[in-house]
There are 2 protein chains.
Amino acid sequence: MGRWEPNARGRLEQAALELYGERGFERTTVVEIARRAGVTERTYFRHYADKREVLFAGSDLLRDLMEQAVARAPASAPPIEATTAALEAAASVIPDHAQARRRQAIIEANAELRERELIKLATLAEALTGALRGRGVPEPAASLAAETGIAVFKVAFERWIGDTGEADLPHYIRESLDALRTVTAEPARR
Amino acid sequence: MGRWEPNARGRLEQAALELYGERGFERTTVVEIARRAGVTERTYFRHYADKREVLFAGSDLLRDLMEQAVARAPASAPPIEATTAALEAAASVIPDHAQARRRQAIIEANAELRERELIKLATLAEALTGALRGRGVPEPAASLAAETGIAVFKVAFERWIGDTGEADLPHYIRESLDALRTVTAEPARR
């Protein structure tokens, strides 16, 4: 990171979110994002590989926080408890409601970005599976806790985004976990 | 479909699976697939938009079968039961163990194909959500039953593929549903 460009990443993310929202993802160029952020195009590419990546800058942090939360959960905690701790850790770094909503609208409007978001979620599920296995959780419990944990996160996030923003994301995570428990407690056909 | 090319789709799928397995996805051309299937390149493109699509030919059928199974479930069936019926319907058309395993190996080896597979699963989850809502299942139960249903299917499929093939896919679906029930029954941290 250049020493004359403090917080270049943060400014690039903000500029990209603004421009993608104003003009659409397709009609915005990296040059325009860099200009609005007050940095050079070269600086942009030092931080992000392409136009998509600036919208997924937080993915690595999310993964790290989720893995750490699973590792830190008490040894006695069952898989769903460790998974819940991971979801709460992830929720703690999601930007505010208005910003998350803007980002989601940009992603929903573009097939390429929707694919990238799916890859992000799949990567988080894999990391969560690995972290649960690392605690000694056997299969298929580790994969199921991780995959359903990410499903809960996705549903909770969409409900949060679609709502007024009065309740916070952890509220919707708890609501979705409760609903999942009710759904799976019902008898399945045999 | 040309009247002089009976079962062109089936032969193209078989030829693609063979060639992708022998040479890899990247090094196989549509011309080679068409030649092995005994049809023209033009016929290939009448059936599939590109090199990827021939591997995902069954996606629409899977979606239709899952939607129909949900619609056919008794009105009294809880969401998880309707979802289970959808997963069993999907399992009933999955090709045999050896072929499913070959297809999966091809997909795992290529990032573009892994993305396409994720999109397929997301599309199935959306269709399942819609079918459950159509039964009057409220949110977030509809989304959660659908998303966790697809998660169960994914985990079960991977376990089936990774195993010897003695037990069938529905066996792994039941095993995963049971494991999910155990996982979610455990208390979550509050």
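These are my notebook entries on a predicted model with chains A and B.

**Entry 1: overall look at chain A**

I started with the secondary structure. Chain A has nine helices and zero strands, so to speak an α-α-α-α-α-α-α-α-α run from the N terminus on. I then boxed the C-alpha atoms along the principal axes and got roughly 60 × 35 × 30 Å for chain A. Of the 190 residues in chain A, 37% come out as buried. I also looked at contacts in chain A with a separation of 6 or more: 61% of them join residues 24 or more positions apart.

**Entry 2: domains**

Next I pulled up the domain assignment for chain A, which lists domain 1 as 8-54 and domain 2 as 58-185. Their C-alpha centres in chain A lie 27 Å apart. Where they touch, domain 1 of chain A puts in six residues and domain 2 of chain A puts in eight residues. I sorted the domain 1 side of that contact by class and noted three nonpolar, two polar and one charged.

**Entry 3: a helix pair**

I picked H6 (residues 97-108) and H7 (residues 111-134) of chain A for a closer look. Their axes come within 6 Å and cross at roughly 115°. On the H6(A) side the contact uses A:Ile106, A:Ile107 and A:Glu108, and on the H7(A) side A:Leu113, A:Arg114 and A:Glu117. By class I get three nonpolar and three charged residues in this contact, with no polar ones.

**Entry 4: how the two chains relate**

I superposed chain B on chain A: a rotation of 180° with 0.0 Å of shift along the axis does it, at an RMSD of 0.0 Å. The two copies are therefore related as by a two-fold rotation axis. Which C-alpha of chain B is nearest the axis? I found that of B:Thr148, 2.7 Å from the axis.

**Entry 5: the interface**

I listed 34 residues of chain B in contact with 34 residues of chain A. On the chain B side, H5 (79-91), H7 (111-134), H8 (141-162) and H9 (169-185) each supply at least two residues. H8(B) has the largest share, with eleven residues. By class, I noted 20 nonpolar, five polar and nine charged residues on the side of chain B that touches chain A. I then matched the interface residues between the chains: 100% of those in chain B are also interface residues in chain A, so the copies meet through the same surface.

**Entry 6: nonpolar cores**

I went looking for the largest nonpolar core and found one of 78 residues. The residues with the most contacts inside this core come from both chains: A:Val70, A:Leu128, A:Val152, B:Val70, B:Leu128 and B:Val152. I followed up on B:Leu128. Leaving aside neighbours within four places in sequence, B:Leu128 is in contact with B:Met66, B:Val70, B:Thr83, B:Ala86, B:Ala146, B:Gly149 and B:Ile150. Apart from the largest core I noted another one, of 15 residues, including B:Ala16, B:Val39, B:Tyr48 and B:Val54.

**Entry 7: one residue, B:Arg23**

Last, I checked B:Arg23, which sits in helix H1 (residues 8-23) of chain B. Is B:Arg23 buried or exposed? I counted 12 C-beta neighbours inside 10 Å, and B:Arg23 therefore counts as exposed, the cut-off for exposed being 12 or fewer. I also checked B:Arg23 against B:Leu121: the two are 98 residues apart in sequence, and their C-alpha atoms are 26 Å apart in space.

Technical notes
Residues are numbered from 1 along each chain as its sequence is written. Chains are lettered from A and ligands numbered from 1 in the order in which they are written. This is a predicted model: local features need pLDDT of at least 70, side-chain atom pairs count only at pLDDT 80 or more; totals for chains, interfaces and linings use all residues. Axes are lines fitted to C-alpha atoms, for helices over the stretch in contact, and angles run from 0 to 180 degrees between N-to-C directions. Helices (H or I, at least four residues) and strands (E, at least two) are DSSP runs, numbered from the N terminus. Two residues are in contact if their C-beta atoms, placed from the backbone, lie within 7 Å. Ala, Val, Leu, Ile, Met, Phe, Trp, Tyr, Cys and Pro count as nonpolar, Asp, Glu, Lys and Arg as charged, and the others, Gly among them, as polar. Domain bounds come from an automatic or database domain assignment. Copies are superposed by least squares on the C-alpha atoms of residues with pLDDT of at least 70 in both. A nonpolar core is a set of buried Ala, Val, Leu, Ile, Met, Phe, Trp, Tyr and Cys residues joined through C-beta atoms within 7 Å. A residue is buried if 20 or more other C-beta atoms lie within 10 Å of its own, exposed if 12 or fewer, and partly exposed in between; C-beta atoms are placed from the backbone.
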